[in-house]
Amino acid sequence: MGRKITSELKQNIKNRHYREDDFVQKASIILSKIRHELRPKAKEIGLKMASFSKDRAVACLSRLPGLITQIRPDHQQLFVDNALKITRVNWKCGDAFIRHLSELFERVSVFELENWVDQGIKIAEENVESGIAYFGLRSATSNRILNKLSHVVRLAQIAPVLKVYARALSGKELHLTPLSQRNFYAIRPGVFSYTDGKNLFLPDRIFSFDDSLYNFSAYKAYVAHLCGYFEFRTRDFSIPKIFQDMSQIKAPKGVECEFKENQSCFKFQFWTRKVLTGDNPCDGCETIQKMTAETLIKSGLSGFPLIRGFVDLFSDQYLAHTLFFVLEGGRIASRLRSVYKGIKADIDRLIDINLSERPRLSNLPLRQAAIEALVHLCSRGCVEEEMTRHYSQMIQEIAPRVEPILAPNSTVEDTARATIKLYNLIEQIPNLMPPAVVLVPLPENEDQKRQTPLFSENREILKQLQGAEETDEAAEKQDVFYYDEWDYKIQDYLTRWCRITEKRVVGDDVRFVEDTVKKHQRDLYLIRKQFERIRPELLEKRKGLEDGEEILFDKAIERILDRKAGRPPNEAIYMSRDNKNRDVAALFLLDMSLSTRRQADQSSKTIIDIEKEALVFMAEALEKLKDTYAIFGFSGFGRKNIDFFVIKEFLERYSITVKRRIGAIEPQYNTRMGAAIRHSVEKLKRVEAQTKILILLSDGRPYDVDYSSDRRERSAPASLIEQSYCVNDTMMALKEAGNWGIKSLCITVDPLGDEYFKKICNYSNYIIIKQATSLPGELPKIYQNFTMI
Amino acid sequence: MSFQSHENRGLSVDYKAAVIKKKPYYLPVKDEIELFEAAAKSKIPVLLKGPTGCGKTRFVEYMAYSLLRSSVADKHNKTDFLQNGDDSVKRPLITVACHEDLTATDLVGRYLLKDEQTVWIDGPLTFAVKEGGICYLDEIVEARKDTTVLIHPLSDYRRLLPIEKKGELIEAHEDFLLVISYNPGYQSVLKDLKHSTRQRFLSIEFNYPGREIESKIIAHESGVEEQVAHDLAKIGQKVRNLRDHGIHEGVSTRLLIYAGQLVKTGIEKKRACQVAITASVTDDQIYHRAIEEVISTILV
């Protein structure tokens with residue numbers, strides 16, 4: 001068989017001088033792994049590609065056997081037909097298709113794929129570049145069609161809705177973080193996900209159900225459950241409360257006295273550890289109830305690290321952590337079911353699907369089986385019949401301890417009590433196996449390597465659950481956003497191509513603004529006066545109305561005379577003052593690229609300093625005009641690293657903090673304008689104003705490392721500007737702004753700005769300031785003219 | 001009872017219609033009733049601050065009704081009044097819904113031409129100042145600045161209303177009380193009450209009632225079952241978590257009552273919430289969808 005394939009291939013290879021034998025040999029081996037009836041078409045795919053690139057053909061063919069095995073046998077033929085169909089149109093399209101098949105299979109079935117393939121072929125026949133982008137899943141059209149066909153729900157698609165949903169349920173600003181972004185792998189305790197108090201960790205995608213609505217509901221159930229940790233007060237954990245009504249746990253003799261004499265955390269912790277782990281016999285002990293909350297607080301234990309501290313008390317912290325979170329997850333689910341009736345079905349469906357994927361009890365060692373039974377009891381309230389048959393005694397022991405946490409008004413202290421009781425029970429079960437929760441950190445640096453696997457991450461989670469978000473206020477605030485980018489070559493958007501990180505500029509020096517104000521006192525005074533004069537225009541007198549505030553006496557006399565003379569009187573004798581609203585929201589977007597570091601004209605000032613001065617002038621003037629305004633800066637290095645610096649948000653006042661931020665503006669990297677404009681448009685869309693303006697201050701043409709189709713683009717002559725990737729994207733971004741009713745104005749200090757801005761926008765939408773140093777004085781005037789009613 | 005200024009032009013105030021005859025339903029949240037009574041007794045003007053639809057207007061109606069009855073009961077035979085509901089007692093509630101075109105003329109009054117003569121017609125404020133009663137300027141920040149300045153001499157110890165066009169200075173009636181309301185978070189930072197105005201009033205802050213009280217209000221006003229009212233109050237509470245995080249205003253108690261009323265008439269619960277809550281609080285598609293998910297989380 002192998003020999004036959006080889007000879008067939010040899011006959012078909014025309015380009016014999018190029019590693020012919022090597023290709024034939026490799027292709028033969030690959031094809032022999034493919035089912036006989038699929039082989040001819042697979043071979044044709046290989047040959048088609050080999051006629052252009054044998055290396056690519058081998059690489060592509062080598063993927064086929066593995067991919068085919070992922071498909072149901074009765075669908076395999078259809079798949080190969082599709083791959084061949086695409087390759088016949090263009091081998092690069094076929095190559096792109098095969099390379100992205102794994103991703104495609106996660107989103108759609110082979111049947112659903114056919115429609116997508118047909119549409120892609122039409123596109124490829126018109127424009128090969130567009131076709132390659134389409135089958136390589138880069139184009140927006142491709143992703144849009146796939147999304148329509150797919151039942152897979154991805155976190156990235158629905159994150160905006162889920163984030164608002166989480167905010168509504170919890171009342172907190174929580175981030176939705178894909179589990180893949182964590183630097184450790186986690187086998188989650190129980191069937192739910194987890195939170196560190198700031199982030200809700202969610203699967204990157206869910207395709208457990210054949211219906212996308214059910215998959216979305218699964219996400220919703222995850223989020224509702226995680227928000228339950230806030231609503232049902234997991235964070236309000238109180239150790240003293242746990243011991244109320246726990247008379248069965250007794251302290252050893254003399255401990256109370258010792259505690260009073262040595263009021264130290266260590267003593268208490270040591271003693272409690274002994275009690276909890278049963279290292280010390282408790283016969284004839286005083287009850288722990290005597291350790292009242294009051295005593296504990298007085299003794300300086302009020303800052304006892306809550307859940308972490310609780311888990312720390314146990315000798316087997318893996319086990320304690322697992323038990324606590326399995327029980328707490330069950331408690332939250334139970335409370336959610338009773339409080340939020342609408343989500344009960346979604347939670348039950350999620351539990352069922354997740355339980356079905358968990359190991360069977362019969363395959364597990366005894367202790368792990370006990371934990372697995374606990375997972376079932378906590379999440380569903382019962383266990384399967386098979387479990388009861390094999391482990392009836394164990395389940396009879398566990399079930400009563402779980403009951404309190406499933407009660408309607410259960411608290412986190414109930415969970416802690418149940419944890420203690422179950423810990424003492426399960427710890428005694430022999431046949432100790434690896435714990436149910438394995439947190440394996442991916443070593444990033446030496447410090448991390450030194451930490452023990454559980455505690456490096458676990459302590460962090462627990463610490464944050466205990467309210468670290470309040471103490472972490474100084475941390476730099478960051479948000480991540482994704483935007484499409486326009487590729488003029490394929491005449492389509494590349495989806496989620498740019499990653500923007502919103503950062504708040506941190507500054508501690510207000511001197512720059514103060515010095516600017518001081519230095520330009522007179523200019524600023526004149527500008528302020530000029531802007532103040534705009535305000536009185538806001539009330540407009542309208543005369544000759546039939547109804548109004550005041551009577552116009554001339555008109556009234558005329559009316560009387562008309563009546564006396566028998567003429568029809570003119571009733572329009574009133575005057576009114578109407579509001580002529582100036583409802584303007586302006587967003588200033590500052591280019592903070594590295595080129596702004598250069599000195600301007602003959603001046604000793606750098607471009608960035610001049611831009612900053614201009615912002616100060618503008619802010620001082622706008623404070624008089626009362627227009628709503630915001631200031632942002634942008635820079636970046638590559639499409640995934642675009643920084644969007646917040647200097648002043650729309651609702652922020654022009655405070656000392658904002659002044660400090662202006663002072664702290666520094667040149668950064670490159671100028672990826674399109675993404676920054678799109679993000680600014682999103683900001684402006686959320687502001688209510690009749691007139692919305694985007695003012696871009698730049699010093700050169702858009703440029704970034706991967707923001708062009710050609711490395712030479714940056715220095716391309718004016719004649720090639722039309723074919724510039726970044727210029728086309730910027731143009732498209734400004735067009736998008738226009739579609740949202742946002743007026744844009746680009747102001748540049750680049751004397752050559754005319755070359756590219758005439759392509760990017762209309763003549764009326766850009767201004768070149770030939771002498772950069774005049775920008776501060778010119779900007780308010782430009783603004784006034786641009787926003788004149 | 002309620003006046004839109006433009007409707008009021010050329011009309012004298014219908015005094016009888018301005019007297020509240022039926023006791024409005026109002027559930028106190030804190031000590032607002034005691035505070036208002038004390039302010040009325042001391043003739044201190046009152047500023048009601050709170051988000052839209054939280055019950056400011058209803059509260060004023062309730063106070064107008066109860067103050068009327070208590071003051072009358074003091075002066076006359078209490079039993080007789082309570083039995084007969086004497087409408088002749090002059091203590092009406094005059095409400096002016098302020099808007100950006102509301103002028104001082106609209107409040108004070110104007111000359112109109114009638115049979116070749118100019119005739120002065122009192123505005124609602126002048127009427128209340130002369131006759132006594134509560135003048136309630138709703139959403140005062142919406143009115144033009146010259147309007148707010150007009151009430152300054154009326155809202156301090158002088159209790160005087162200058163009528164510039166007539167050259168008169170009217171002293172307020174003994175039973176006159178000026179009440180204004182505004183929503184601090186409304187619209188934009190540009191609209192705010194001037195300090196010179198604000199510092200003439202005793203400020204009572206309102207917010208949406210707690211879930212228990214709100215569900216009672218919804219149940220009473222819409223007539224829905226207790227469980228439905230409770231669920232609606234819960235939706236209200238959750239949607240309000242989005243206030244200032246993409247949604248300017250939280251859902252008001254008034255909208256929750258509307259939803260309850262729709263349910264009462266037989267509209268399906270989720271659909272009722274969709275039209276009364278979701279569509280009313282936002283046009284943003286993401287928020288729209290998220291609020292619908294919150295509703296479907298709470299309602300079966």
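Here are some notes on side-chain pairings, burial and contacts in this predicted model.

1. Let's start with the rings. The count of aromatic pairs over all chains comes to 20. One of them joins A:F97 and A:F135, an edge-to-face pair with 6.2 Å centre to centre and 85° between the planes. A:F97 belongs to helix α6 (residues 91–99) of chain A and A:F135 to helix α9 (residues 128–135) of chain A, so this pair ties together parts that are 38 residues apart in sequence. Neither ring shows at the surface: A:F97 is buried at 0% relative accessibility, and A:F135 is buried with a relative accessible area of 0%.

2. That pair has company. Ring pairs link A:F97 and A:F135 into a cluster with A:F79, A:W116 and A:Y134. If you have the model open, this cluster is a good place to begin.

3. Helix α6 turns up again when you look at charges. A:R56 and A:D95 meet through their side chains in a salt bridge, at 2.5 Å from N to O. A:R56 is in helix α4 (residues 54–69) of chain A and A:D95 is in helix α6 of chain A, so to speak distant parts of the chain, 39 residues apart, linked by the pair. The two ends differ in exposure: A:R56 is partly exposed, with a relative accessible area of 33%, whereas A:D95 is buried at 2% relative accessibility.4. Over all chains there are 43 salt bridges. Another one in chain A pairs A:R331 with A:E328, whose closest N and O atoms are 2.8 Å apart. Here both partners sit in helix α18 (residues 317–339) of chain A, three residues apart, or about one turn of the helix. Both A:R331 and A:E328 are buried.

5. Chain B offers a salt bridge between B:E168 and B:K166, with the closest N and O atoms 3.5 Å apart. Both ends are partly exposed: B:E168 has 34% relative accessibility, and B:K166 has 27%. Back in chain A, salt bridges that share partners join A:R56, A:D95 and A:R99 into one network.

6. Two arginines are worth a look for where their charges sit. B:R240 lies over the face of B:Y208, 3.9 Å from the ring centre. The other case goes from chain to chain: the charged end of B:R289 is over the ring of A:F216, at 4.2 Å from its centre.

7. What surrounds A:A585? Setting aside neighbours within four places in sequence, A:A585 is in contact with A:T628, A:F650, A:L684, A:V687, A:A689, A:T691, A:K692 and A:I693. A:A585 itself is part of strand β13 (residues 584–591) of chain A, and at 0% relative accessibility it is buried. One of those contacts, A:V687, is 102 residues away along the chain, yet its C-alpha atom is separated from that of A:A585 by 7.3 Å.

8. Is A:R661 buried or exposed? A:R661 counts as buried, at 6% relative accessibility. Its place is in helix α29 (residues 656–663) of chain A. Beyond its neighbours within four places in sequence, A:R661 is in contact with A:R504, A:V505, A:V646, A:I647, A:K648 and A:E652.

9. Last, the surface. A:F553, A:I557 and A:L561 make a nonpolar surface patch of about 340 Å². Of these, A:L561 is found in helix α27 (residues 553–564) of chain A.

How values were computed: Residues numbered from 1 in each chain as written. Chains lettered and ligands numbered in written order. Predicted model: local features only at pLDDT ≥ 70, side-chain atom pairs only at ≥ 80, totals over all residues. Heavy atoms only, no water. Phe/Tyr/Trp six-rings, centres within 6.5 Å; stacked < 30°, edge-to-face > 60°. Helix = DSSP H or I, 4+ residues; strand = E, 2+ residues; numbered from the N terminus. Buried < 20%, exposed > 50% of the residue type's maximum accessible area, 1.4 Å probe, protein only. Lys NZ or Arg CZ within 6 Å of the ring centre and 35° of its normal. Contact = heavy atoms within 4.5 Å. Patch = residues over 30% accessible without salt bridge, like charges linked within 9 Å, V, L, I, M, F, W, Y side chains within 5 Å. Areas by Shrake-Rupley, 256 points an atom, 1.4 Å probe, with all protein chains shown as cover. Salt bridge = Lys/Arg side-chain N within 4 Å of Asp/Glu carboxyl O.
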